[in-house]
Amino acid sequence: MKIPFVSFLPMEKELETGLKSAFGRVLDRSWYIGGEEVASFEKAFAEYCNVEYCVGTGNGLDALILILKALDIGAGDEVIVPSNTYIATALAVTYVGASPVFVEPDIRTFNIEPELIEKAITDRTKAIMPVHLYGQACNMDPILDIAHKHNLYIVEDCAQAHGATYKGKKVGTFGVAAGFSFYPGKNLGALGDAGAVVTNNKEIADKVRALGNYGSDFKYHHIYKGNNSRLDELQAAFLSVKLPHLERMNKERRRIAQMYSEGITNSRIIVPYVMTECIPVWHIYGIRCECRDALENYLNEHNIGTNKHYPIPMHLQDCYKDLKLTRGSYPIAEEISSTELSIPMYYGMTDDQIQYVIETINYFEG
């Protein structure tokens, strides 16, 4: 049996008629930027997230950048980010001229550890950017308390957590604004790059929209030095086909994750920990193993696809050499980066495939 790390085929086959119809609809209208499809999707996704406003963007990184720019965060400012996440989180801070300040995660959830945030706050700190990593919400109550105490913005990075909840409330609703990615591999993925900003603040929504449209509030009138980052009609149409199915497909991911968590009994393997306050959406199912590389090779030899999220932590990436951070600076992030292995998790996996992954992992001897 051969099981890829991820496959879009089951979902795309199921939605093929709707996706082709969406393509035809956009082609027939011959209108590709800023039209009915974008407006319709933005309205629907705002309603799904339980917020007032949604603004489509070119991708998830741009969504975060535009939020920070809308908040006037820039040179001389600091933004607290988790030390364990995809590099886009830190890059967004860098691109607006501010400095990312790393805070270690909870080793159990991989998400930012609230108890460590306050120690990282300085008089230059302007915002906290929690990342709901792998589809599990951060422990938001203490983060909200810290932000309120120090008068800081919370900007949520929801790139991996479409539909995840904390205490019954969807991610993207806790901060002043949130950025989503619709990269094809996400739980809600386009057929290309796409992203969105969601917020309950009209001023921020309007400013984000202008900033993503060359800083223009109406044609040839530019009030900001903006970017070109807009959700296009075609990707919006595809996303509109997929959005009504998101909850059902997230539910299936939770079923797969439950089978993994209950079925993997190998003592060498640490399965994901889920906070009782959270209902994850399992964008990624990441296990940990001290002999991770041997496990990866073993699974690949047995035709099971894997991935590592993320093998080089941000503070050790060449692009952040200027921060002068050395190995050992963030030991928890380094521990996760050297032990984490992501196993197949996608809509359309069969029970036989899931069981094969479980049994193969349980037979691993290291």
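Author: A polar contact is a pair of N or O atoms within 3.5 Å, where one must be able to donate a hydrogen and the other to accept it. Keep in mind throughout that this is a predicted model.

Reader: Which backbone oxygen does the side chain of Asn250 reach?

Author: The side chain of Asn250 reaches the backbone oxygen of His162, at 3.0 Å, and the residue that makes this contact lies in helix α10, which spans residues 246-263.

Reader: Is Asn250 buried or exposed, and which residues is Asn250 in contact with, leaving aside its neighbours within four places in sequence?

Author: Asn250 has a relative accessible area of 1% and is therefore buried, since that term applies under 20%. Once neighbours within four places in sequence are set aside, Asn250 is in contact with Tyr48, Gly163, Asn187 and Val281, as well as with His162.

Reader: How many disulfides does the structure hold, and why is there no bond between Cys291 and Cys289?

Author: A disulfide requires two cysteine sulfur atoms within 2.5 Å, and the structure holds 0 of them. For Cys291 the closest cysteine sulfur is that of Cys289, and because the separation is 3.6 Å, the two are too far apart for a bond. The sulfur of Cys278, in turn, is 8.3 Å from its closest cysteine sulfur, in Cys138, which is also too far for a bond. Cys278 is buried, at 7% relative accessible area, whereas Cys291 is partly exposed, at 23%.

Reader: Which residues form a nonpolar patch on the surface?

Author: The patch consists of Phe23, Leu27, Tyr32 and Ile33, which together have about 380 Å² of accessible area. Phe23 belongs to helix α2, residues 16-29, and is partly exposed, with a relative accessible area of 41%.

Conventions
Residues are numbered from 1 along each chain as its sequence is written. This is a predicted model: local features need pLDDT of at least 70, side-chain atom pairs count only at pLDDT 80 or more; totals for chains, interfaces and linings use all residues. Side-chain values use heavy atoms; hydrogens and water are left out. Patches are made of residues with over 30% relative accessible area and no salt bridge: like charges are joined within 9 Å, nonpolar side chains (Val, Leu, Ile, Met, Phe, Trp, Tyr) within 5 Å. Accessible areas come from the Shrake-Rupley method with a 1.4 Å probe; for residues, only the protein chains shown count as cover. A salt bridge is a side-chain nitrogen of Lys or Arg within 4 Å of a carboxyl oxygen of Asp or Glu. Helices (H or I, at least four residues) and strands (E, at least two) are DSSP runs, numbered from the N terminus. Buried means under 20% relative accessible area, exposed over 50%, partly exposed in between (1.4 Å probe, protein chains only). Contact means heavy atoms within 4.5 Å.
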